[in-house]
Amino acid sequence: MLKREVTDELKQWKETSDHKCLVIRGARQVGKTYAVEHFCETEYSSFIEINFLENPSMKKIFSGDLDAKTIKKNMSLYIPEGRFVQGDTCIFLDEIQECPEAITSLKFLANDKSIDVIASGSMLGTDHKRPTSYPVGSIRYIDMFSLNFREFLIASGVAEDIIDELRACYRNRTQVPWAIHDKMMELFRMYIILGGMPEALNMYFENNSIADADRKVRDILNDYRYDIAHYAVADVKIKAEECYFSLPNQLSKENHKFKYSNVEKGGTARKFGSSIDWLKGAYLIKCVYNLSGYDIPLGNGIIKDNFRVYPTDIGLLMGMFDKNVKEYILHPDGEMLGGAVKGGIYEAAIADILIKNGYKELFFRKNETSTFEIEFLIENRDGVIPVEVKAGKSKSKSLDNLLKRDDIPYGYKLIDGNVGVTGKKITLPLYMSMFI
């Protein structure tokens, strides 16, 4: 069984004295249903589940009045085996985007303190079947993604005390023992080629087969093609698919800026911009915007037409590449990959990790008329922190120059090597991005 950190968030939600309905958002097949089912079966004496995609007839429960008393009565009729235990019952409304009335009902179910309610959906950020009334103020949200790098390490058999030791090295800026470092770099590269999709990882861990995991990833990508065709509105369908599957090409260029002309010759934002918005709403991509400056909040300084696009799971990106690219990532000594391709893949891997670390917004800085480039800029309580990613052994001229500014407290350089500190520059192994 794959251990998921979202379980801790679910427990914290349950323990709050006056919690709202919980809605878990995320792309399809990242493990939302399994995580909630496992949590509810463990934490509640009564668990009532409705999956609107598997059982569309259950929409009738929400076809009339939406007060909690009526909904519970209707559930008793349609799900006679379901029990309502005072203060110890959780209702799980899965694929709730298929029933807009159920979304509206969350406002009223939140007022019934005798039950807990969890909902999940894969297309809640898109225009698919929007409810007429949204339950503003009655919901807490959790964004869920495929397995993050820490979860991948645990699934790979890495003991938690090893991860704690690595965290101590990160905090104290001390070097990792080389035997541990080499193994961690091996696992980091393995995470790049496998990603975090639960079914793909189960295939790998059960059969010790990268090929089996690769087939599952490609099956998931085909499912995503179907989802785009099924859920996207007519004028977005084909364009969203073209944008999504252009990512290997986009990230293989020297400048990883997303260009509509790489999707279609002469392509423009006017034609494809809504497709990018749809892919973001479906949690399939994250847009990282170029900045005009370093003032906080960074979001005020974005250059709207200058952005990069990364998938929310690195394994899905690798599934779009030819299979031999995975071999080159696993065995990097031969330097078979072009610098731009390898750099794009490593950037996407760090984006995957930072997104799953909880950064809802990421930024970069690239001067189009010079070689100045910082792959990521983040905000934390210390200020604006640059993060430079090095797939090879090149120097960090851009980071060194940026750290001369008084308003930049420190910066990270992520490399294949070990921990080091030079002035305000903190050099970390790539895998330590899981602690940033």
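This report looks at one helix pair and one sheet in a predicted model.

## The helix pair

Two packed helices are described by the angle between their axes and the distance between the axes. Here the pair is α1, residues 6-15, and α2, residues 32-43. Their angle is about 50°. Their axes lie 10 Å apart. Angles of 65 to 115 degrees count as roughly perpendicular, and those under 35 degrees as roughly parallel. The angle of α1 and α2 is in neither group, and they are therefore oblique to each other. The crossing of α1 past α2 is right-handed.

Which residues make the contact? From α1 come Val6, Leu10, Lys11, Trp13 and Lys14. From α2 come Ala35, Phe39 and Glu43. Sorted by class, the contact has 5 nonpolar residues and 3 charged ones. It has no polar residues.

## The sheet

Strands of a sheet pair through backbone hydrogen bonds, either parallel or antiparallel. In this model, 5 strands form an open sheet, and the pairing is parallel. Read across the sheet, the order is β2-β3-β4-β1-β5.

The edges belong to β2 (46-51) and β5 (139-143). Each has a single partner strand, so one side of each is left without a neighbour in the sheet. From one strand to the next, the twist averages 20°.

## Inside one strand pair

Strand β1 covers residues 21-25. It runs parallel to β5, and 5 bridges join the two. One of the residues in β5 is isoleucine 142, the bridge partner of isoleucine 24.

Notes:
Residues are numbered from 1 along each chain as its sequence is written. This is a predicted model: local features need pLDDT of at least 70, side-chain atom pairs count only at pLDDT 80 or more; totals for chains, interfaces and linings use all residues. Side-chain values use heavy atoms; hydrogens and water are left out. Axes are lines fitted to C-alpha atoms, for helices over the stretch in contact, and angles run from 0 to 180 degrees between N-to-C directions. Helices (H or I, at least four residues) and strands (E, at least two) are DSSP runs, numbered from the N terminus. Angles under 35 degrees count as roughly parallel, over 145 as roughly antiparallel, 65 to 115 as roughly perpendicular and the rest as oblique. A crossing is left-handed if the near helix is turned anticlockwise from the far one by less than a right angle, and right-handed if clockwise. Contact means heavy atoms within 4.5 Å. Ala, Val, Leu, Ile, Met, Phe, Trp, Tyr, Cys and Pro count as nonpolar, Asp, Glu, Lys and Arg as charged, and the others, Gly among them, as polar. Two strands pair if DSSP finds at least two bridges between them.
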